[in-house]
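Visitor: Could you take me through one part of this structure up close? I'd like the disulfide, with enough of the surroundings to place it.

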Amino acid sequence: QVQLVESGGGLVQAGGSLRLSCAASGSILSILTMGWYRQAPGKQRELVAGIISGGATNYADSVKGRFTISRDNAKNTVSLQMNSLKPEDTAVYYCNADMKVSGSYSFRKYWGQGTQVTVSS
């Protein structure tokens with residue numbers, strides 16, 4: 001069974017930092033893009049940051065300069081370092097990966113279960 005497991009969410013004061021981690025496990029043949037999305041109450045899920053296997057990254061404008069995404073291809077992990085957190089960063093954060101797994105002929109998106117990040121003012 002292929003799964004993405006996140007860790008590292010929690011409660012932090014504005015201006016603080018948190019680090020999210022996500023590990024992919026199972027019969028994985030290849031991973032293209034890995035990334036983080038978030039969904040605040042009453043809002044649509046949005047891309048926070050993404051990273052391809054070669055290391056190129058992209059960020060939502062709202063987090064540029066504050067968040068850093070990184071990836072360990074050997075361990076199938078992706079992390080999100082979040083600094084200078086703001087109350088508007090409060091959301092459930094989801095790990096995402098485009099993976100091809102054993103028995104499959106194509107890539108598809110997989111999602112983690114989500115981890116809550118709450119930033120108090």
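Guide: Let's start with a term: a residue is called buried when its relative accessible area is under 20%, exposed when it is over 50%, and partly exposed in between. By that yardstick, 40% of the 121 residues of the chain count as buried. Keep in mind that you're looking at a predicted model.

Before zooming in, here's the setting. The chain has eleven strands and zero helices, so reading along the sequence you get nothing but β-β-β-β-β-β-β-β-β-β-β. The radius of gyration is 14 Å, close to the 14 Å that the globule rule gives for 121 residues, so the chain is as compact as a globular protein of that length. Along the principal axes, the C-alpha atoms fill a box of roughly 50 × 25 × 20 Å. Take the contacts between residues at least 6 apart in sequence: 57% of them join residues at least 24 apart.

Now the part you asked for. The structure holds one disulfide, and the partners are cysteine 22 and cysteine 95, with an S to S distance of 2.1 Å. Cysteine 22 sits in strand β3 (residues 18-25) and cysteine 95 in strand β9 (residues 91-101), so the bond ties together parts that are 73 residues apart in sequence. The torsion about the S-S bond is about -80°, so this is a left-handed disulfide. What about cover? With the cut-off for buried at under 20%, cysteine 22 counts as buried at 2% relative accessibility, and cysteine 95 is buried too, at 0%.

From there, step back along the sequence to the loop between β2 (10-13) and β3, where you'll find glycine 15. In contrast to the buried cysteine 22, glycine 15 counts as exposed, at 53% relative accessibility. Setting aside neighbours within four places in sequence, glycine 15 is in contact with Ser84 and Leu85. There's also a long-range pairing to look at: the C-alpha atoms of glycine 15 and serine 120 are separated by 9.4 Å, although the two residues are 105 apart along the chain.

One of those contacts of glycine 15, Ser84, deserves a stop of its own. Serine 84 is in the loop between β8 and β9, and β9 is the strand that holds cysteine 95. Serine 84 is partly exposed, with a relative accessible area of 41%. Check the backbone there: phi of serine 84 is near 50°, a positive value in a residue other than glycine. As background, most residues other than glycine have a negative phi.

Asparagine 76 shows a positive phi as well, near 55°, and asparagine 76 isn't a glycine either. You'll find asparagine 76 in the loop between β7 (67-72) and β8 (77-82). At 22% relative accessibility, asparagine 76 counts as partly exposed.

Finally, a look at the outside. The accessible surface of the chain comes to about 6400 Å², and 48% of that belongs to carbon and sulfur atoms. The chain carries 12 positive and 7 negative charges, and the mean positions of the two sets are 4 Å apart.

So, back to your request: the disulfide joins cysteine 22 to cysteine 95, linking β3 with β9.

Technical notes
Residues are numbered from 1 along each chain as its sequence is written. This is a predicted model: local features need pLDDT of at least 70, side-chain atom pairs count only at pLDDT 80 or more; totals for chains, interfaces and linings use all residues. Side-chain values use heavy atoms; hydrogens and water are left out. Helices (H or I, at least four residues) and strands (E, at least two) are DSSP runs, numbered from the N terminus. The radius of gyration is taken over C-alpha atoms; the globule rule is 2.2 Å times the number of residues to the power 0.38. Buried means under 20% relative accessible area, exposed over 50%, partly exposed in between (1.4 Å probe, protein chains only). Contact means heavy atoms within 4.5 Å. Accessible areas come from the Shrake-Rupley method with a 1.4 Å probe; for residues, only the protein chains shown count as cover. Lys and Arg count as positive and Asp and Glu as negative; His and the chain ends are not counted. The place of a charge is taken as NZ of Lys, CZ of Arg, CG of Asp or CD of Glu. A disulfide is a pair of cysteine sulfur atoms within 2.5 Å.
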